[in-house]
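Q: I've got this two-chain model open and want to go through it piece by piece. Can we start with the domains?

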Amino acid sequence: MTDLIVARGLGKSFGSTRALHEVNFRVNSGRIVGLIGPNGAGKTTALKALLGLTRFEGELSVLGLDPYRQRYQLMQDVCFIADVAVLPRWIRVRQLIDFVAATHPKFRREVCGHFLARSDVKATSRVKELSKGMVTQLHLAIVMAIDAKLLVLDEPTLGLDILMRKQFYDTLLNEYFDEQRTILVTTHQVEEVEHILTDLLFIDRGRIVLDATMDEVQEKYAHVAVRPEHLAAARTHKPLGERQGLGRTHMLFRGVERADLERLGEVGVPSVADLFVAVIQGARA
Amino acid sequence: MRRFLWLIRREIWENKAIWIAPLIVLACMVLLTVTGNVHLGPIGSSEGESAFGQIPRETQIKLVLIAYAGLALVVDMVMGIVAFFYSIDSLYGDRRDRSVLFWKSMPLSDAETVLSKFAVAAIAIPVVAIAAAVLAQFVIAAGGSAKLAMAGLSGSVMWAPEAVFGGILIAVLWCITAILWYAPVIAYLMLASAWAPRGPFLWAVLPPVAVWVLERVVLHSEYVGDFIANRLFGLYRLLGPRSPPDMENAKNLGAEVAKLSDVDLPGSLRELYGSPELWLGIVAAGVLLAAAMWVRRYRDETS
């Protein structure tokens, strides 16, 4: 495993607002990393810095390149969807695909056609005639047909219905992802990505508040459905979060012996959503 | 190179005015022809064609050539307006609809993008203009020869090689000269387009107007105004004779046409190409274009 992205002291301010506070993180190749944070946490700023779209402080290396200074070289191997609905509205689907095929050396036209064949997108349509969901499908089909080393997706499924979202993540995992590729994704719909992620990066108020692989999360964190009679005992282990359920209190623990937890109730793997809420609340407390 | 041609192709897909505007001009010419409104001689006079028939053939050819040159000029002005608005929107349109984030995800350098857009304004649009001018010339030649035939005269003068090829030569020469002369204007508009937070037209037009007004009010001089007027309209001075012929009231068409002989286009062009004004303008265009590339490259699209 090699470091695909290395950020050291990555910072960024907008006027007097600090969007990123000297952030440090690494992303290895062959991973699917979820960059997760509430609105305004600095996710998009971090992604734009990685893609060379914005100036930043500190050190940042993506595929061994400085994204701001060497943006053109970087774009040979990096592909991104920075925002929803950024495809030019005037263009026809066929023109768009012709253009990408002619200008992107790593675009595989047949792969794009394969993805599009499953959608309702017609080659003769203009982008502005397509529904929001179809535009997203088109953009994803183009991006997945590019043989890139790093794919960055910022809220890729915004505006898609649940069936399309599920189909998209299945396709991404089963037909696109392999050990040669790395995917960095931000999303609000944590539940839908958690089964495909290999790494988690939680960001809040411009700071990284959790940086762990899914394996580490499963090792360190545990979710317990605590029976009412053990409530007091459970609280002595300092749960990160607590939530009422049907006849049980759901608690999240970190670094507590599994044997101790099993005495309190049913132990399980915490969901990323629960972990997110607990970690963010903990970081803000 | 292939990639560059695709970038130009993309611009032509997007900016339909590049081929619609000349088509409209041509359609107008065809309309003039089929309604019999191609006039040779005083307009509104039924003796126009017969008066034309009285003057020597050599002068006739000269008159036809002037008509063709005027035609090329009209087409060039229309395409100039197209190029003006194209340049103003060239580096702003994709920022307005946010598709810049898509274009920037492609492995294309910003220098390439800016150059391709400059090439559209400075090469593609002029090539279309020349083609349209030549076609318009043929349409008018057909209309003119029909009109002459109806007056019982030979229409062959409309197709005289001196007039036809002379007209084409003037269209080509004029286009090339206009490109060189207006290159800094195009580059300036593109820089404004790359830089403008919104409303690139105002961002392009207001600064020179503000400087002009300020100079007038504060210094009571007109250097900036003269400089701008010269860059925008100075080229047309090359075309004008000292005393323009009075075609409307021409009693003696031959004498009025003779006045046109003091239009020395080759001489004026030679003078222009020898002047530092033209070449300094090209240097300025290079600097402005480099600035536009820099702004395009480093402009932060996140805010």
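A: Yes. One definition to begin with: the domain bounds used here come from an automatic or database domain assignment. The model itself is predicted.

Q: OK, which domains is chain A divided into?
A: Domain 1 of chain A covers 30-51 + 72-205, and domain 2 of chain A covers 216-284.

Q: How far apart do the C-alpha centres of those two domains lie?
A: The C-alpha centres of domain 1 and domain 2 of chain A are 35 Å apart.

Q: And how many residues does each domain of chain A put into the contact?
A: Eight residues come from domain 1 of chain A and eight residues from domain 2 of chain A.

Q: Which elements give two or more residues on the domain 1 side?
A: Those are α7 and β8 (199-204) of chain A. β8(A) gives the most to that side, with three residues.

Q: What's the split by residue class there?
A: The domain 1 side that touches domain 2 in chain A has five nonpolar residues, no polar ones and three charged.

Q: You mentioned α7. Where in chain A is confidence lowest, and where is it highest?
A: The lowest is in helix α7 (residues 190-193) of chain A, at a mean pLDDT of 82. The highest is in helix α3 (residues 93-103) of chain A, at 94. Chain A as a whole averages a pLDDT of 88, and 99% of its residues score at least 70.

Q: Switching to the chain-chain contact. How many residues does each chain supply?
A: Chain A supplies 26 residues and chain B 22 residues.

Q: Which elements of chain A each supply at least two residues?
A: α1 (43-50), β5 (78-81) and α3 of chain A each do so. The largest share of the chain A side, five residues, comes from α3(A). That is the helix where confidence in chain A is highest.

Q: And by class, for the side of chain A that touches chain B?
A: It divides into 15 nonpolar, seven polar and four charged residues.

Q: Now chain B. What does its secondary structure come to?
A: Chain B has 13 helices and zero strands. From the N terminus on, its elements therefore read as α throughout, given that helices and strands are taken as DSSP runs.

Q: How much of chain B counts as buried?
A: Of the 303 residues of chain B, 32% are counted as buried.

Q: What about sequence separation in the chain B contacts?
A: Taking contacts in chain B between residues at least 6 apart in sequence, 79% join residues at least 24 apart.

Key: Residues numbered from 1 in each chain as written. Chains lettered and ligands numbered in written order. Predicted model: local features only at pLDDT ≥ 70, side-chain atom pairs only at ≥ 80, totals over all residues. pLDDT = per-residue confidence, 0-100. Helix = DSSP H or I, 4+ residues; strand = E, 2+ residues; numbered from the N terminus. Contact = placed C-beta atoms within 7 Å. Nonpolar A, V, L, I, M, F, W, Y, C, P; charged D, E, K, R; others polar. Buried ≥ 20, exposed ≤ 12 C-beta atoms within 10 Å, placed from the backbone.
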